Amino acid sequence: MAVTATPRVRREQSVSGRVRTLAGLSLLTLALLLAAILAGAAGTGSGLRTIGHDAGPQVLATTGLYRQMSEMDALVAEALLLGREYGPQQQADLTGYDQRRLEISESLLKAYRLALDDPAERRTVESLVEGLGRYERLATQARLLDAQSGHTAGRPPDHVVEAYQKATELMHRELLPQAYNLTLETGTIVRRAHAAERSASSLARSAVVVTGLLALACLLTLQVYLARRFRRVFAPALVVAVVLAAAGTVTGTALLIRQGEALEEAKRRGFDAVLTLTRARAISRSMHGDQSRYLLDRFRKDTYEHTFLDKAHTIAAVESTSLPDYQSRLHLNFQGLLGGLTGQDRRRLFAVYQNFQRADARMRTMPADAAIKFWDGELTEAYESYDKVLEELVRRHESDFERAVDRGGEALERLWQSIPAGLAAGALLVLVGVWPRLREYR
Amino acid sequence: MRKLLICVVLLLTACGAGRPESLVDKDELIVAIRSDVPLISFERQDGTYDGFNVDVAEDLLSRLGKRIRWLEIKAGDQLTVLTGGRADLVFAHMSVTPERKKSIDFAGPYHVDFQDIAVRPADRDAIRDVRDLKGRRICWVRGTNIAQRIIDERRVPAIAVQAPDYDACLEMIKDGRIDAISTNSQILAGLLTRPGVDLHLVGAPFNEQRTAIGVRKGDIDGCEELNRAITEMYQDGTAHMLLDKWFGRSGIDLSVVAVPQFEGCS
């Protein structure tokens, strides 16, 4: 008998040991599940913060820089073209110019803040601050010479144009490229942060599924073991724990997916779209400036016509060999920066853009004086209605962007409210379920 | 339990490989260059390469920590070496065009050049700017878009005469088969250094030529890294030094050396 007594004791010990091990494993996997869900939520949460609250809005601020600077230079050209009988309008241009300068300082400060840990980008901002100072000096000189000449509306005297050439050359060859590159570079920072966070959060999602299945497997094994060993059909507490673990896995995955989708939408439909549209708007402003410069500077007419065409290709590319060819071949299926637009937006924008290009084509066939009158009236109107449609599109995508960021935040909040409590309750129920069985071996 | 572990490991590794192939993942890059353009990229007698493009490529890739293997190409192969996967980068003094952007991407431009014209000294008073090329015969090197930019874009009715390379253009202008050679001012400056060449540089720059690096389509990471390196090259003065080294005595205007506006990587 003594021979059989020893294995019986060992068997009792091993039964309680197995129950303990299985219960411990269940608790461990539940803890892992919770950790995976929280890690995933923290990952996408920080992604949303980067795009929605930190870098994203700052990048959008730097995009403004290029437009504000092109506008500043275009306003100088306009003021020079207007001549003395347009006093009030010249004054309005000057006020606009000062306003742009203020906006530029703000954008530069934002860009500097964003570039704090990137020395190359910081140097770019510093060099822009320095260059803008030089630009101011040259522009003021041109305006002063213009005022002294007291010419009527139309092309100012050559020495005024020469003074302006120096200013606009500085703007276009040194300052605008740096402003443009700054936006590209900050866009790179956001794109990389987004890519890293996206791969981390898809990793977290798979981890949630795996740990969730592991937890369920452990709980079910525990359940089956207890049922066989102690001849009970099921332990109610453990059944509830299984249900809670399953619910935790499913809702955790669903909320993480939802949050990921919100992040993706904020990036693609919001951030990327706003970035592209703002770039297109900035380049369009510079095109309108090229029109004034074309009229202002008879020495460089050809060059300004050429840069106008280059920019038109960047915005809406169609196959063509020269500006008149481009303007006659322009069609709805254009490529380029605005090539990503679809449906109603595309048609609406195309109509106003084509109108702007048609007005431009007419301006270029007119004699100088008539062209300047046309530029001051119909051409500027055509540009403004095109710019207004672009601005509306930017606004709409900005609100899409904000909505997506909010939606991601809500998913995160719901996740915090429900899942940790549910899984903790599950863990407690595991203990409640095995406790009476373990007591039998005391 | 072990099976589950294997599953987890498999899942984890499957998520890591989402990024497309990029030049940043390689230690040694195949860089395509021309070997027949004086001052820009040419082969020395000892078989090594030298020139502005060669120096720029070496500087930029050392900033990325990469080794270089040179690949000599002809004009007209600039796109196919990339689309066919034979080179990782092309430094062939290529300007950015919408047409080329359909099949490759551009990092940079690393330099903004202008188009200029070279004529026989006897014609220096007759040809003063691009409009004076009306009715004149100009050289059109296969694979370049320079002649098209004069005739179609500028609407100057010049006559394009085909040539396989710029050496042939030099021959042709010497014996009177053509009247002018027009291309990037840097390339012209190089041609004028050839022994026995007696040409006059008109010095009326037109059309901006944005000289950029060709990279494979879709390699956004590589393109962004190159742009960062170009920014640094301009900020620390290397770009100025290299331009001065190669073109300081050529008569090209180097008063403004500033980082070009990038094309953008997407």
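# Reading helix packing and burial in a two-chain model

Modeller: Let's begin with a pair of helices in chain A: H6(A) and H7(A) make a left-handed crossing. Keep in mind that the model is predicted.

Biologist: At what angle do H6(A) and H7(A) cross, and how far apart are their axes?

Modeller: The crossing angle is roughly 160 degrees, and the axes of H6(A) and helix H7 (residues 301-315) of chain A come within 9 Å. An angle over 145 degrees counts as roughly antiparallel. H6(A) is therefore roughly antiparallel to H7(A).

Biologist: Which residues of H6(A) and H7(A) meet?

Modeller: From H6(A), they include A:Ala280, A:Ile283, A:Met287, A:Asp290 and A:Tyr294. Across from them in H7(A) are residues including A:Lys301, A:Tyr304, A:Phe308, A:Lys311 and A:Ile315. By class, this contact of H6(A) with H7(A) has 8 nonpolar, 5 polar and 5 charged residues.

Biologist: Let me try the next pair with you. How do H6(A) and H10(A) pack?

Modeller: Helix H6 (residues 236-296) and helix H10 (residues 368-439) of chain A pack at about 165 degrees, their axes 7 Å apart. By the reasoning we just used, that makes H6(A) roughly antiparallel to H10(A). The hand is left here too: H6(A) passes H10(A) in a left-handed crossing. Sorted by class, the contact of H6(A) with H10(A) has 38 nonpolar, 16 polar and 10 charged residues.

Biologist: Now the whole of chain A, please. What secondary structure does chain A have?

Modeller: Chain A has 10 helices and 0 strands. Read along the sequence, the pattern is α-α-α-α-α-α-α-α-α-α.

Biologist: And how does the radius of gyration of chain A stand against that of a compact globule?

Modeller: The idea is to set the value beside what a globule with that many residues would give. For 442 residues a compact globule would come near 22 Å, but chain A has 34 Å. The box tells you about the outline: the C-alpha atoms of chain A fill roughly 125 × 40 × 35 Å along the principal axes.

Biologist: What share of chain A counts as buried?

Modeller: Of its 442 residues, 45% count as buried. You can also look at how far along the sequence the contacts reach: among contacts in chain A with a separation of 6 or more, 80% are between residues 24 or more positions apart.

Biologist: Over to chain B. What are the corresponding values for chain B?

Modeller: For chain B, 44% of the 266 residues count as buried, and residues 24 or more positions apart account for 72% of the contacts with a separation of 6 or more. The secondary structure of chain B comes to 9 helices and 12 strands. Its C-alpha trace spans about 90 × 35 × 35 Å along the principal axes.

Biologist: How many residues of each chain are in contact across the interface?

Modeller: There, 26 residues of chain B are in contact with 24 residues of chain A. Helix H1 (2-16), helix H5 (146-153), strand E12 (206-216) and helix H8 (220-235) of chain B each supply at least two residues of the side that touches chain A. H1(B) gives the largest share, 6 residues. This side of chain B has 13 nonpolar, 7 polar and 6 charged residues.

Biologist: Is B:Asp219 buried or exposed?

Modeller: A residue is buried if 20 or more other C-beta atoms lie within 10 Å of its own. B:Asp219 is buried because 24 other C-beta atoms lie within 10 Å. This residue is in the loop between E12 and H8 of chain B. Leaving aside neighbours within four places in sequence, B:Asp219 is in contact with B:Ser22, B:Leu23 and B:Asp105.

Biologist: And why does B:Trp140 count as buried?

Modeller: Because B:Trp140 has 23 C-beta neighbours inside 10 Å. B:Trp140 sits in strand E8 (residues 137-141) of chain B. Not counting residues up to four places away in sequence, B:Trp140 touches B:Ala147, B:Ala160, B:Val161, B:Gln162 and B:Ala163.

Biologist: One last pair: which hand is the crossing of H2(B) and H9(B)?

Modeller: That crossing is right-handed. The contact joins B:Phe52, B:Asp55, B:Val56 and B:Asp59 of H2(B) to B:Thr238, B:Leu242 and B:Trp246 of H9(B). By class, the contact of H2(B) with H9(B) has 4 nonpolar, 1 polar and 2 charged residues.

Technical notes. Residues are numbered from 1 along each chain as its sequence is written. Chains are lettered from A and ligands numbered from 1 in the order in which they are written. This is a predicted model: local features need pLDDT of at least 70, side-chain atom pairs count only at pLDDT 80 or more; totals for chains, interfaces and linings use all residues. Axes are lines fitted to C-alpha atoms, for helices over the stretch in contact, and angles run from 0 to 180 degrees between N-to-C directions. Helices (H or I, at least four residues) and strands (E, at least two) are DSSP runs, numbered from the N terminus. Angles under 35 degrees count as roughly parallel, over 145 as roughly antiparallel, 65 to 115 as roughly perpendicular and the rest as oblique. A crossing is left-handed if the near helix is turned anticlockwise from the far one by less than a right angle, and right-handed if clockwise. Ala, Val, Leu, Ile, Met, Phe, Trp, Tyr, Cys and Pro count as nonpolar, Asp, Glu, Lys and Arg as charged, and the others, Gly among them, as polar. The radius of gyration is taken over C-alpha atoms; the globule rule is 2.2 Å times the number of residues to the power 0.38. A residue is buried if 20 or more other C-beta atoms lie within 10 Å of its own, exposed if 12 or fewer, and partly exposed in between; C-beta atoms are placed from the backbone. Two residues are in contact if their C-beta atoms, placed from the backbone, lie within 7 Å.
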